Amino acid sequence: MIRTPLRPLARILSAREQGENPDRIERDNIRARHDDMQGKARQRAEGRLLVLSVLFLAAFSAVGLRMGSISVSAPQEPRSGGGGDNILAQRADITDRNGHILATNIATYALYAHPQQMIDPVGAAARLAEIFPELDHEQILRQFTGERKFVWVRQKLSPEQRQAVHDIGEPGLLFGPREMRLYPNGALAAHVMGGASFGREGVNSAEVIGVAGVEQVFDETLRDPANNGAPLVLSLDMTVQAVAEEVLDGGMQLMSAKGASSVLMDIHTGEVISVVSLPDFDPNERPRPLTEGDQSDSPLFNRAVQGVYELGSTYKLFALAQGIEEGLINANTMIDTQGPMQWGRFKIRDFHDYGPQLTATDVLVKSSNIGTARIALMFGGERQRAFLASMGLTEPSPLEIIEASGSQPLLPPNWSELSTMTISYGHGISASPMHLAAAYATMVNGGTRVTPTLLRQDNAQTGPRVISEQTSRIAVDMLRQVVTRGTASFGDVEGYEVGGKTGSADKPRPNGGYYDDKVISTFASVFPASDPQYVLIVTLDEPSIEGLGEVRRTAGWTAVPVAAEMTRRVAPLLGLRPQIETPALTAVTLSSN
């Protein structure tokens, strides 16, 4: 930058020659320079004011737009966006259909340590190992005597444990308040509850999140402040659930079974009143998943939903119902049962020789594989698959627990004519007991599809029609005859008109083929047959019992008696009054004599 001199020599000499004062030239130059500087300063100030005005206008417009959008939006509860101590720990309760608490929150404390503030870290580690035997004493000692400034010791404490830690008197051991999830009924309905754990953790609070069961499926709902803490109401009845678990556990031990499951469902609403899987666990102390071996051996495995099995002759009802619905047979149609039935190199046999012919009803009552296979050939594989699909037997169960997503039925890769025959009596296709309960409810409720649900319902479902009401009534009558004069004679419960169908399927080997001495036995029942209300499915894994001098494994000897005892005990709890069946006139005469 070139600056103009205040006293230019040429002008000074010229002024002196003309007799002027040279100092005036300097004053004029100083004044001109100041005027120029003031002009530039004014321009800069005006530019800055313009920028500030634009910024102010933009900010004011943004605030105005935001206020306008808020004024026209629906009110919403603010969520915590912070971390650490700003974690929202509140989680809504879960109750059964009668309002009994299944899951709730209690105030507790977490234990953490500041090793740098400890007076005696070695002694503190030893005392903590005594109070909490599950802690690794060597690891705690290394953490306390190392360079760490913060150590989590335990996520939750009982009041007794907190007092014991307090009595140590170590200033470096501190307590952080928080809420924890409590299941006051222990293992009752454990597979439905699933369990919860801590997510984000802060010193003064922790996020409680669902890890399985309904806790995980409804995690966002249970944590949503907009629900104002309203409880999640399930369809379960805890009194019925407790009785079902007790009876099933006793039956599993009596039958020397490896595992067991049961499902009790309202056939009109689809509500699951009780669902049991044994062995089970306590969700308050949820065990770790197995890291090796068969996951179905873990108590976390839900046999009623995740377990997909060949359910044997319980499928015969579907073949009979489809044949009747399509007008191919009626209840009294004579079916060829001459055996064995040959298909290529395969032979289909019956458990007993039932003679050359049986009525369609007796095919179900006596559980004839040959008769059912011949009926299935009448409508073929394509229509069979469509019929089973209409009841949900080819897709995962829609039940509201996270484990249901893994309940995909196992279908044959090639639905051949042989598959059509074997599937008609429950072999070559696998589904869960929950699938079977929904399908049987569809068969006996008048013929409309039922979707199982764990949420309490106030009205009956109005699903698509699968079979006619007439076919449904015939199916119920057939099931009743299976109990009164067929393979499920041990299933009759006086006053409750039980109907049902047994199923005994050889258990498949992991590497192919089937075991000779291991079965999955199932009894699918409905009661009362005169006015169907409930479906009960009982399944036993590898049962066996001594009967009439030999080992019995079939459902008639194993699953059926367990289901009968369960029906006898839960039916009154469901509000069903025992009904006296009117005897035939001959029976009345003999009784009077």
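**Exercise 1. Find which residue is the bridge partner of Ser 197 in strand 6.**

Step 1. Locate the two strands: strand 5 covers residues 195-201 and strand 6 covers residues 206-212. Strands (E, at least two residues) and helices (H or I, at least four) are DSSP runs, numbered from the N terminus.

Step 2. Look at how they pair: strand 5 and strand 6 are antiparallel, with five bridges. Two strands count as paired if DSSP finds at least two bridges between them.

Step 3. Read off the partner: Ser 197 is bridged to Ile 209. Four residues form the link of the hairpin from strand 5 to strand 6.

A word on the model: it is predicted, so local features need pLDDT of at least 70 and side-chain atom pairs count only at pLDDT 80 or more, while totals for chains, interfaces and linings use all residues. Residues are numbered from 1 along each chain as its sequence is written, and side-chain values use heavy atoms, leaving out hydrogens and water.

**Exercise 2. Describe the open sheet of five strands and say which strands stand at its edges.**

Step 1. Write down the order, which is 9-8-16-15-14, with antiparallel pairing.

Step 2. Go to the edges: strand 9 (272-278) and strand 14 (499-508) each have a single partner strand, so one side of each has no neighbour in the sheet. From one strand to the next, the twist averages 10°. Angles run from 0 to 180 degrees between N-to-C directions, and axes are lines fitted to C-alpha atoms, for helices over the stretch in contact.

Step 3. Follow the pairs. Strand 14 and strand 15 run antiparallel and are joined by nine bridges, with Ser 504 opposite Ser 521 in strand 15. Their hairpin has five residues between the strands, and Gly 512 in it takes a positive phi near 105°. Strand 15 (residues 514-527) also pairs with strand 16 (residues 534-541), in the antiparallel sense over eight bridges. There, Ser 525 has Leu 536 in strand 16 as its bridge partner.

Step 4. Add the helix: helix 16 (residues 559-570) packs on the sheet and touches strand 8 (259-266), strand 14, strand 15 and strand 16. Contact means heavy atoms within 4.5 Å. The direction of helix 16 makes about 140° with that of strand 16.

Step 5. Check the cover of strand 14: seven of its 10 residues are buried. Buried means under 20% relative accessible area, exposed over 50%, and partly exposed in between (1.4 Å probe, protein chains only).

**Exercise 3. Work out how helix 3 and helix 4 are arranged.**

Step 1. Take the geometry: helix 3 (residues 121-131) and helix 4 (residues 137-145) pack at about 150°, with axes 9 Å apart.

Step 2. Name the arrangement: the two helices are therefore roughly antiparallel. The cut-offs are under 35 degrees for roughly parallel, over 145 for roughly antiparallel, 65 to 115 for roughly perpendicular, and oblique for the rest.

Step 3. List some contacts: helix 3 residues including Pro 121, Val 122 and Leu 128 meet helix 4 residues, among them Ile 140 and Phe 144.

**Exercise 4. Is Ser 397 buried or exposed?**

Step 1. Place the residue: Ser 397 lies in the loop between helix 12 (369-389) and helix 13 (417-424).

Step 2. Apply the cut-off: Ser 397 has 6% relative accessibility and therefore counts as buried.

Step 3. Name its contacts: leaving aside residues up to four places away in sequence, Ser 397 touches Ala 404, Ser 407, Met 434, His 435 and Pro 452.
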